Amino acid sequence: MSSGDCNSCSFYVYDEDYEDYMCQVNMDEDDVVRLMSDESYDCPYYQLDDEYRIVRKQM
């Protein structure tokens, strides 16, 4: 899974106002254009939505 997959990113959350999922990162225009146009570009803000990360650290 590449870091371009927004569905697994922790910043990709449901917005009740728009009733859709949206990216909560405040990207500049250059990053947005590059992310949309270049298939091999990996999002620099991508963070895996791993709910169990903290639990593993506590073990």
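The following paragraphs describe the fold, the strand pairing, the aromatic rings and the cysteines of one protein chain.

The structure is a predicted model, in which local features need pLDDT of at least 70 and side-chain atom pairs count only at pLDDT 80 or more, whereas totals for chains, interfaces and linings use all residues. Residues are numbered from 1 along each chain as its sequence is written, and side-chain values use heavy atoms, with hydrogens and water left out.

The secondary structure of the protein chain consists of two helices and two strands, where helices (H or I, at least four residues) and strands (E, at least two) are taken as DSSP runs and numbered from the N terminus. Read from the N terminus on, these elements follow the order β-β-α-α. The protein chain has 59 residues, of which 15% count as buried; here buried means under 20% relative accessible area, exposed means over 50%, and partly exposed covers the values in between (1.4 Å probe, protein chains only). About 5,300 Å² of the protein chain is exposed, and carbon and sulfur atoms supply 47% of this area, as computed by the Shrake-Rupley method with a 1.4 Å probe, for which, in the case of residues, only the protein chains shown count as cover. Among the contacts (heavy atoms within 4.5 Å) that join residues at least 6 apart in sequence, 44% are between residues at least 24 apart.

Strands β1 and β2 pair in the antiparallel sense over four bridges, and two strands are said to pair if DSSP finds at least two bridges between them. Strand β1 spans residues 12–15, while strand β2 spans residues 20–23. Across the pair, Tyr12 has Cys23 as its bridge partner in β2, and Val13 has Met22 as its bridge partner in β2. The hairpin of β1 and β2 has four residues between the strands, and within this hairpin Glu19 takes a positive phi near 55 degrees. Asp15, which lies in strand β1, counts as buried at 17% relative accessibility. When neighbours within four places in sequence are left aside, Asp15 is in contact with Asp20 and Met22.

Aromatic side chains also feature in this part of the chain. In general, a pair of aromatic rings is described by the distance of the centres and the angle of the planes. Rings of Phe, Tyr and Trp (its six-membered ring) pair if their centres lie within 6.5 Å, and planes under 30 degrees apart count as stacked, over 60 as edge-to-face and the rest as tilted. By this rule there are two aromatic pairs. One of them joins Tyr12 and Tyr21, which are stacked, with 5.7 Å centre to centre and 25 degrees between the planes. The rings of Tyr14 and Tyr21 have their centres 5.3 Å apart and their planes at 70 degrees, so this pair is edge-to-face. Ring pairs thus link Tyr12, Tyr14 and Tyr21 into a cluster. Tyr12 is partly exposed at 27% relative accessibility, Tyr14 is partly exposed with a relative accessible area of 43%, and Tyr21 is partly exposed at 45%.

The cysteines were examined for disulfides, a disulfide being a pair of cysteine sulfur atoms within 2.5 Å. By this rule the count is zero. The sulfur of Cys9 has its closest cysteine sulfur in Cys23, at 6.1 Å, which is too far for a bond, and Cys23 is accordingly in no disulfide. Along the sequence Cys9 and Cys23 are 14 residues apart, and their C-alpha atoms lie 8.7 Å from each other in space. Cys9 counts as buried, at 9% relative accessibility, whereas Cys23 is partly exposed, with a relative accessible area of 38%. Cys23 is found in strand β2, and, leaving aside its neighbours within four places in sequence, Cys23 is in contact with Phe11 and Tyr12.

Beyond the hairpin, Met27 is placed in the loop between β2 and α1, the latter being residues 29–37. At 18% relative accessibility, Met27 counts as buried. Apart from its neighbours within four places in sequence, Met27 is in contact with Val32, Leu35, Cys43 and Tyr45. One of these residues, Tyr45, is 18 residues from Met27 in sequence, and the distance between the two in space is 8.7 Å, C-alpha to C-alpha.
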